[in-house]
Amino acid sequence: MPAIVILGAQWGDEGKGKATDQLATTETIDYVVRTSGGHNAGHTIVVNGEKFATHLLPSGILTPGATSVIANGVVVSPEALFRELDELLARGVEVADLVVSANAHVIASYHSTIDKVTERFLGKNQLGTTGRGIGPAYSDKVNRIGIRVADLFDEGILRQKVEASLDLKNHVLAKVYNRRAIEVDAIVEELLSYVDRLRPMVRDTSLLLNTALDEGKTVLFEGAQATMLDVDHGTYPFVTSSSPVAGGVCTGAGVGPTRIDRVIGVIKAYTTRVGSGPFPTELFDEDGINLQKIGGEIGVSTGRTRRCGWYDAVVARYSSRVNGLTDYFLTKLDVLDSWERIPVCVAYEIDGVRHDEMPMTQTEFHHAKPVYEFFDGWKTDISGCRTFDDLPKNAQAYVQALEEMSGTRIWGVGVGPGREQTIEVHPA
């Protein structure tokens with residue numbers, strides 16, 4: 001049985017939850033694993049007409065019989081974790097099978113404080129963070145002053161680590177940001193309050209997942225954020241603080257690369273982005289407004305309006321290469337139902353020179369202008385289509401063109417938010 005990766009191939013919000021949910025209808029999924037990010041992520045899943053949103057929890061929390069795993073590469077806010085669990089429990093969702101890595105790093109309340117005051121301090125140079133403490137928690141991890149989930153179970157170690165982390169932060173808060181220092185006792189008390197509920201969930205998740213693969217179980221690794229937000233391979237510095245590409249899955253879950261059988265990139269039939277940073281196909285006209293309205297482009301976790309633009313095949317080819325994709329899952333094709341002509345960015349023009357691949361430097365990418373090819377629209381509602389042959393000929397031609405220019409076969413196409421509104425193009 002396989003180990004499958006599902007990840008975002010653009011700037012996030014591509015519909016990874018739908019792709020995960022769809023895969024669960026064709027495979028018996030035993031484990032669904034989050035490997036990076038924190039509660040700045042957001043997946044929307046529609047089940048039997050009812051909409052669910054997950055943030056820190058894997059979207060597999062809604063898959064009957066599957067165990068959800070928050071692996072070591074994730075940064076965990078206990079407050080956010082239990083708030084999200086309680087919201088699902090209140091709606092009658094079974095969440096008993098949830099496992100959290102002992103090695104996952106903890107987001108404490110001071111991480112969020114640092115995140116927000118730093119972003120305000122940057123002014124016009126803001127990075128567009130969610131203010132939820134993800135970056136500062138990863139910074140502490142790299143600086144080796146972070147707090148792991150396992151540390152919550154030893155009050156002495158926990159206090160030492162909180163003191164070490166706050167030693168410098170309190171000087172910065174008071175002397176740079178003119179904010180009150182944070183009390184160590186208050187943070188320790190807050191974190192200890194989660195211990196009793198958290199303890200039964202905590203495991204060695206690397207051992208758990210490798211054992212599951214040895215036993216022939218199917219493990220689905222679910223990405224957060226996306227390729228173009230990767231701290232190494234994205235549009236730095238307008239990126240997240242972790243590695244949401246396929247290679248980051250191995251580090252974030254403690255499994256070797258030879259264990260991965262399939263890597264699925266989720267990509268929209270157009271492009272969106274939240275937060276600051278370059279976006280070559282971004283639209284500032286009526287088309288952009290219509291994409292936003294028809295596509296319901298509001299951030300699941302942040303509530304921020306998403307910037308909208310046409311499909312970018314340069315980004316798609318880059319994602320195919322960086323991730324070693326085996327498949328694409330194309331979402332929101334139905335959003336384009338009303339257009340007469342649909343532009344697709346096939347290359348960039350930079351200072352008079354055509355670039356068919358991603359520019360090497362940040363400066364070049366900031367100056368990239370899209371080179372478009374135009375495709376005839378289909379001007380009909382495709383939300384009821386259930387096979388590829390059901391699609392209008394122009395919609396079929398659009399999907400086939402995207403597949404050819406993106407460098408990876410398109411496994412499935414989403415034509416609406418519902419679980420049943422999915423077309424399999426190339427059976428797995």
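I'll start with one pair of side chains: E357 and R317 form a salt bridge, and their closest N and O atoms are 3.8 Å apart. This pair connects distant parts of the chain, 40 residues apart. E357 sits in the loop between strand 17 (353-355) and helix 12 (362-366), while R317 belongs to helix 11, residues 313-323. Before I go on, please note that this is a predicted model.

How exposed are the two partners? E357 counts as partly exposed, because its relative accessibility is 39%. R317 has a relative accessible area of 18%, so R317 is buried, the cut-off being under 20%.

That was one of the salt bridges; how many does the structure hold? There are 17 salt bridges in the structure. Another of them joins K161 to D151, with 2.9 Å between the closest N and O atoms. Here too the pair links distant parts of the chain, 10 residues apart. K161 is in helix 5, residues 155-175, and D151 is in the loop between helix 4 (134-142) and helix 5. K161 has a relative accessible area of 27%, so it is partly exposed. D151 counts as buried because its relative accessibility is 10%.

A third salt bridge brings together the side chains of R306 and E297, at 2.7 Å from N to O. Are these two residues buried or exposed? Both R306 and E297 are buried. They also take part in a network of salt bridges, which links D13, K268, E297, R306 and K332.

R306 leads on to an annotation. Which residues does UniProt list under "binding site"? The UniProt entry, which is unreviewed, gives V300, S301, T302, G303, R304, T305 and R306. Let me take T305 from that list. T305 lies in the loop between helix 10 (286-295) and strand 13 (307-309). What does T305 touch, apart from its neighbours within four places in sequence? T305 is in contact with Q292, E297 and I298. E297 is a residue we have met already, as the salt-bridge partner of R306.

K268, from the same network, takes us to the strands. K268 stands opposite T331 in strand 15. Strand 15 covers residues 327-331, and 5 of its 5 residues are buried. Which residues lie on each face? D327, F329 and T331 are on one side, Y328 and L330 are on the other, and both faces are covered.

Which strands pair with strand 15? One of them is strand 11, residues 262-268, which pairs with strand 15 in the parallel sense over 5 bridges. Strand 19, residues 410-414, also runs parallel to strand 15, and 3 bridges join the two. Within strand 19, I410 is the residue opposite Y328.

Following the chain on from strand 19, I come to P417. P417 is in the loop between strand 19 and strand 20 (422-424). Why does P417 count as exposed? Its relative accessible area is 55%, and exposed means over 50%, so P417 is exposed. P417 and D334 are 83 residues apart in sequence, yet their C-alpha atoms are 9.6 Å apart in space.

To recap, strand 15 has strand 11 and strand 19 as parallel partners, and both of its faces are covered. The listed residue R306 is buried, as is E297, and both belong to the salt-bridge network with D13, K268 and K332. That is what I had to show.

Technical notes: Residues numbered from 1 in each chain as written. Predicted model: local features only at pLDDT ≥ 70, side-chain atom pairs only at ≥ 80, totals over all residues. Heavy atoms only, no water. UniProt positions renumbered as here; feature names shortened; annotations may be inferred. Helix = DSSP H or I, 4+ residues; strand = E, 2+ residues; numbered from the N terminus. Contact = heavy atoms within 4.5 Å. Buried < 20%, exposed > 50% of the residue type's maximum accessible area, 1.4 Å probe, protein only. Pairing = 2+ DSSP bridges. Salt bridge = Lys/Arg side-chain N within 4 Å of Asp/Glu carboxyl O.
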